[in-house]
Amino acid sequence: MRHAMRRGIRAGACALAATALLAIAPGMASAASPVFGIHTQRLNNFEATRMADGGASWVRTVFEWRDVQPEKDGPYNWSKFDAVILHAALHGMTVLPVVIGTPDYIAKTPGRQPRTQADLHRFQLFLDALVHRYGNGGDFWDALPLIPYTPVTHWQVWNEPNLHTYWAGELKPKAFAKFLSIARDAITSADPLAKIVLAGMPETKAGLPMSTYLKGLYKVKGFAQDIDAVAAHSYAANAKGALATMRKERRVMDENGDPDKPLWVTEIGWASAGPKNHPLVRNEKGQARLLTDSFNLLEADANKLRLGPIFWFNWRDDPAPEGAPDHFSRHTGLFTADRKPKPAWAAFAKEAGGDPGSGQILPGTGDLGLGGLGDLP
């Protein structure tokens, strides 16, 4: 009875919050100052403190199916994501999960989408379990009633489906729209208040440019009703290029009868090192300058863009394993791999209205791995 009552109270509170969020969602996009988030795959207690003090309101992280269910039809292991959700909640930050990462027993290349009816059903079961754990009234929150109740309210389904890196077969918007609809059904069946953020996509020639892909999505009947926000990855050679990307995506939305829906920046970033002559590679000072310039331009255009949260990619550098090719994205961190702040971190905190603090961040429990709720600090 207590369990049901607590769920009811929380559901009511979340419903009120969701109603308020819906009322201000376009307002969020038209607010004078956007809110800021950071993408990370690791979040220990010390990192979460530094991140929140620095002004981050959101944490974006990849919830990989293969990490949770490594064995076919086997049990779910939530320990990795319990830690992220816990530390974010304790520091007042909201988590945006990116749901991706097909296990190798389903896709020949792990990370590509499930394609058979049986595997799509497995994916829906995973989504159902995921939402019932971390969403409104989730088991995670019932198990830890004393921590701040911060359920996941927005779910980003997949990542960059306009690139072959994340999508098997032809890059057809219609195919992704069908996949998205299947995922939305599973998520909203588990939590009717849940909101769906479109997979973030770059405006790139490496696959299909996002603007071209987005036009194709809007041609699919029902697509606009399946998403509550559009997301872009505004990588560009300079800050003006990043803004131009967002303006292009906004035009596509407006031209397709979706003028009030928020447009989120779920990835933006430049590297402080990396492959020579890469257009997104600078030095540490250049990285900080581009962060400041791009955030200022986006903020100035927030009303016209109906801009939602802006997420910097990435929190910490992630060096390539020995023998693996380097990539610019491994050097986009606001901190070095050993947790030392770069100038870009002070720039982020200034834009977000936070305190950057000083010195290196200590390692903590989020780096060591947690065995489950029983081991949570």
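Reader: How should I read the word "buried", and which of the two labels, buried or exposed, fits Phe63 and Phe81?

Author: Buried means a relative accessible area under 20%, exposed means over 50%, and partly exposed covers what lies in between, with a 1.4 Å probe and only the protein chains taken into account. By that reading Phe63 is buried, and Phe81 is buried as well. The structure is a predicted model, in which local features need pLDDT of at least 70 and side-chain atom pairs count only at pLDDT 80 or more, whereas totals for chains, interfaces and linings use all residues. Residues are numbered from 1 along each chain as its sequence is written, and side-chain values use heavy atoms, with hydrogens and water left out.

Reader: How are two aromatic rings described as a pair, and how many aromatic pairs does a search of the whole structure find?

Author: A pair of aromatic rings is described by the distance of the centres and the angle of the planes. Rings of Phe, Tyr and Trp (for Trp, the six-membered ring) pair if their centres lie within 6.5 Å, and planes under 30 degrees apart count as stacked, those over 60 as edge-to-face, and the rest as tilted. The search of the whole structure finds 32 aromatic pairs. One of them is the stacked pair of Phe63 and Phe81, with 4.3 Å from centre to centre and 25° between the planes. This pair links distant parts of the chain, since Phe63 belongs to strand E2 (residues 58–64) and Phe81 to helix H4, 18 residues apart. Tyr76 and Phe126 form a tilted pair, with 6.3 Å from centre to centre and 50° between the planes. Here too distant parts of the chain are linked, with Tyr76 in the loop between helix H3 (65–68) and H4, and Phe126 in helix H5, 50 residues apart. Tyr76 counts as partly exposed at 30% relative accessibility, while Phe126 is buried, with a relative accessible area of 0%.

Reader: What counts as a helix or a strand, and how many of each does the protein have?

Author: Helices (H or I, at least four residues) and strands (E, at least two) are DSSP runs, numbered from the N terminus. The protein has 14 helices and nine strands.

Reader: What span should helix H4 have, and how far apart are its end C-alpha atoms?

Author: The expected span of a helix is 1.5 Å times one less than its number of residues. For the 12 residues of H4 (residues 79–90) this gives 16 Å, and the end C-alpha atoms, 17 Å apart, agree with it. Of those 12 residues 10 are buried, so H4 is largely enclosed by the rest of the structure. Among the buried residues of H4 are Phe81, Val84, Ile85 and Leu86. After H4 comes Gly92, which has a positive phi, near 75°.

Reader: In what order do the nine strands lie in the sheet?

Author: Strands of a sheet pair through backbone hydrogen bonds, either parallel or antiparallel. Two strands pair if DSSP finds at least two bridges between them. In this protein the nine strands form an open sheet in the order E5-E4-E3-E2-E1-E9-E8-E7-E6, with parallel pairing. Strand E5 (195–197) and strand E6 (201–202) stand at the edges with a single partner strand each, so one side of each has no neighbour in the sheet. Within the sheet, four bridges join the parallel strands E7 (residues 230–233) and E8 (residues 263–268), and the bridge partner of Ala231 in E8 is Trp264.

Reader: With which residues is Gln113 in contact, once its neighbours within four places in sequence are left aside?

Author: Contact means heavy atoms within 4.5 Å. Beyond those sequence neighbours, Gln113 is in contact with Thr102, Trp158, Tyr166, Trp167, Ala168 and Phe179. Gln113 sits in the loop between strand E3 (94–100) and helix H5 (117–134), and at 6% relative accessibility it counts as buried. A polar atom of the Gln113 side chain lies 2.8 Å from the backbone nitrogen of Ala168.

Reader: Where is Arg282, a residue in a loop, placed?

Author: Arg282 lies in the loop between E8 and helix H11 (284–300), and it is partly exposed, with a relative accessible area of 28%. Arg282 and Ala271 are 11 residues apart in sequence and 5.8 Å apart in space, C-alpha to C-alpha.

Reader: And for the whole protein, what percentage of the 377 residues count as buried?

Author: Of the 377 residues, 54% count as buried. Among contacts with a separation of 6 or more, 71% come from residues 24 or more positions apart.

Conventions:
Polar contact = N/O pair within 3.5 Å; in protein donor to acceptor, adjacent residues only side chain to side chain.
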